[in-house]
Amino acid sequence: MEFSSILLPGIEDKRPFVISGPCSAETEEQVMATAIDLANRGIKVFRAGVWKPRTKPGGFEGVGSPALKWLQRVKRETGMYTAVEVATEKHVYEALKYGVDMLWIGARTTANPFAVQEIADTLRGTDIPVLIKNPVNPDLELWIGALERLYNVGITRLGAIHRGFSSSDKSIYRNMPQWHIPIELQRRFPELPVICDPSHMGGRRDMIFKLSQQAMDLNFYGLIIESHCTPDEAWSDKDQQITPKTLAEILSSLVIREKGQTTEDLSALRQQIDEIDNQMLELLSKRMRVSREIGQYKLEHDMAVLQTRRYDDILTDRARQASRLGMSEEFVVKILEATHEESVRQQLEIMEKAGKNNR
Ligand code: PEP
Ligand code: MN
């Protein structure tokens with residue numbers, strides 16, 4: 001896929017590209033008050049949810065099409081671009097009819113290929129920019145699949161929004177960042193603008209700054225942050241919305257480090273990392289060789305591949321060692337589990353081959 005480098009014309013190509021506005025468009029007054037305040041503080045793209053996907057029926061499900069007229073007024077009176085979430089063919093028609101400048105696909109929708117295809121088919125022949133939020137589940141291929149569906153109908157102004165992944169585990173996040181997933185997306189598509197949504201990720205006002213700074217340090221292109229003229233009275237997501245004033249304070253406190261600046265020192269350190277990685281790989285392959293020898297021994301003595309007690313002892317012992325070496329036990333257990341899995345696979349291979357030879 002090749003992406004157009006400009007999402008919206010006339011916006012300075014300087015990180016972060018910022019989108020802000022309320023979770024939901026509630027009333028004309030709330031939309032206008034928030035938009036005017038944001039525009040006065042230099043925000044160029046206004047977001048508002050017009051149709052809201054809610055977990056349970058009966059909550060505020062958005063004002064629907066009438067709110068699109070308020071967004072037209074935002075455009076006319078502040079000069080800001082406008083962006084809304086679309087989930088169905090009807091949403092797309094309505095948004096285009098009212099001249100919305102940018103669309104985004106929400107996390108629940110990205111998880112459903114039928115819905116994404118319906119949106120893509122409706123957009124064929126237009127060239128509106130579209131941002132695709134990650135699916136609720138941590139599935140990079142599903143996320144890329146959604147980008148491809150839009151790309152295949154001719155949309156090239158595409159971007160991704162990382163809003164975190166839902167999890168049944170208790171966590172400080174509303175949605176877990178799992179940063180390695182957007183980092184891998186970025187590695188595969190270096191030209192794709194990736195925007196972070198710290199509002200839905202943290203779910204709380206006091207987490208927005210830290211998550212935004214982390215996103216900037218990871219070279220994200222932009223931020224989409226929910227703001228509201230009176231956040232405490234918001235009809236949806238009130239715990240995570242901030243005033244335009246707080247938003248401006250957060251943005252001005254962010255430290256934006258220049259990308260791609262490799263100093264001499266850094267390249268020397270990177271060389272060291274390369275060397276250590278090589279050593280690690282060699283050590284791992286040595287370990288596998290020994291483990292294959294064990295496999296051979298087990299075969300000859302008619303022993304089962306998996307010796308649970310031994311594996312348990314290894315895990316407990318190494319985890320204890322890990323914390324003495326300043327690493328988290330969790331991290332070391334992960335590495336050991338992956339290593340053990342490969343060992344077992346190699347030993348099973350030995351058994352299988354022997355089985356075939358005996359037949
Ligand atoms: C939103 O942006 O208001 C929204 C509903 O987000 P998500 O799709 O990430 O849950
Ligand atoms: Mn929201």
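This passage walks through the barrel, the helix packing, the metal site and a few backbone oddities of a predicted model.

Start with the sheet. Eight strands close up into a barrel, taken in the order E1-E2-E3-E4-E5-E6-E7-E8, and the pairing is parallel. On average, neighbouring strands of this sheet are turned by 25° against each other, with direction ignored. In general, strands of a sheet pair through backbone hydrogen bonds, and the pairing can be parallel or antiparallel. For one pair in the barrel, strand E1 covers residues 17-21 and strand E2 covers residues 45-47, and the two are joined in the parallel sense over 2 bridges. Within that pairing, Ile-19 sits opposite Val-45 in E2.

Helices lie across the strands, and two cases are worth spelling out. Helix H1, made of residues 28-40, lies across E1 and E2 and runs at about 150° to E2. Helix H9, residues 208-217, does likewise with strand E7 (194-196) and strand E8 (222-226), running at about 165° to E8.

H1 also has a helix partner. It packs with helix H2 (residues 66-78) at an angle of about 30°, the axes being 10 Å apart. With the cut-off for roughly parallel set at under 35 degrees, H1 and H2 are therefore roughly parallel to each other. Their crossing is right-handed. On the H1 side the contact is made by Glu-28, Val-31, Met-32, Ala-35, Ile-36 and Ala-39, and on the H2 side by Trp-70, Leu-71, Arg-73, Val-74, Glu-77 and Thr-78. Sorted by class, the residues of this H1 and H2 contact come to 8 nonpolar, 1 polar and 3 charged.

A second helix pair is H6 (residues 140-151) with H7 (residues 180-188), packed at about 45° with axes 10 Å apart. That angle makes H6 oblique to H7. The crossing of H6 and H7 is right-handed. H6 brings Leu-140, Glu-141, Trp-143, Ile-144 and Leu-147 to the contact, while H7 brings Ile-181, Pro-182, Glu-184, Leu-185 and Arg-188. The tally for H6 with H7 is 7 nonpolar and 3 charged residues, with no polar ones.

Further along the chain, H12 meets helix H13 (residues 329-358): their axes come within 9 Å and cross at roughly 145°. The crossing of H12 and H13 is right-handed. From H12, the contact uses Tyr-311, Leu-315, Arg-318, Ala-319, Ala-322 and Ser-323, and from H13 it uses Glu-329, Val-332, Val-333, Leu-336, Glu-337 and His-340. By class, the contact of H12 with H13 splits into 7 nonpolar, 2 polar and 3 charged residues.

Now for the metal. The manganese ion (ligand 2) has as its protein donors Cys-23 through SG, His-200 through NE2, Glu-226 through OE and Asp-237 through OD, lying 2.1 to 2.4 Å from the ion. Along the chain, the donors of this manganese ion follow the spacing C-x176-H-x25-E-x10-D. Cys-23 belongs to the loop between E1 and H1 and Glu-226 to strand E8, so this pair ties together parts that lie 203 residues apart in sequence.

One of those donors turns up again among the backbone oddities. Asp-237, in the loop between E8 and helix H10 (244-253), has a positive phi of about 50° even though it is not a glycine. Asp-302 is another non-glycine residue with a positive phi, near 60°, and Asp-302 lies in the loop between helix H11 (264-300) and helix H12 (308-324). Back towards the start of the chain, the peptide bond from Arg-15 to Pro-16 is cis, with omega near -15°. Pro-16 is in the segment before E1.

Definitions and conventions. Residues numbered from 1 in each chain as written. Chains lettered and ligands numbered in written order. Predicted model: local features only at pLDDT ≥ 70, side-chain atom pairs only at ≥ 80, totals over all residues. Heavy atoms only, no water. Pairing = 2+ DSSP bridges. Helix = DSSP H or I, 4+ residues; strand = E, 2+ residues; numbered from the N terminus. Axes fitted to C-alpha atoms, helices over the stretch in contact; angles between N-to-C directions. Contact = heavy atoms within 4.5 Å. Parallel < 35°, antiparallel > 145°, perpendicular 65-115°, else oblique. Left-handed = near helix turned anticlockwise from the far one by under 90°. Nonpolar A, V, L, I, M, F, W, Y, C, P; charged D, E, K, R; others polar. Donors = N, O, S within 2.8 Å, 3.2 Å for Na, K, Ca; no water.
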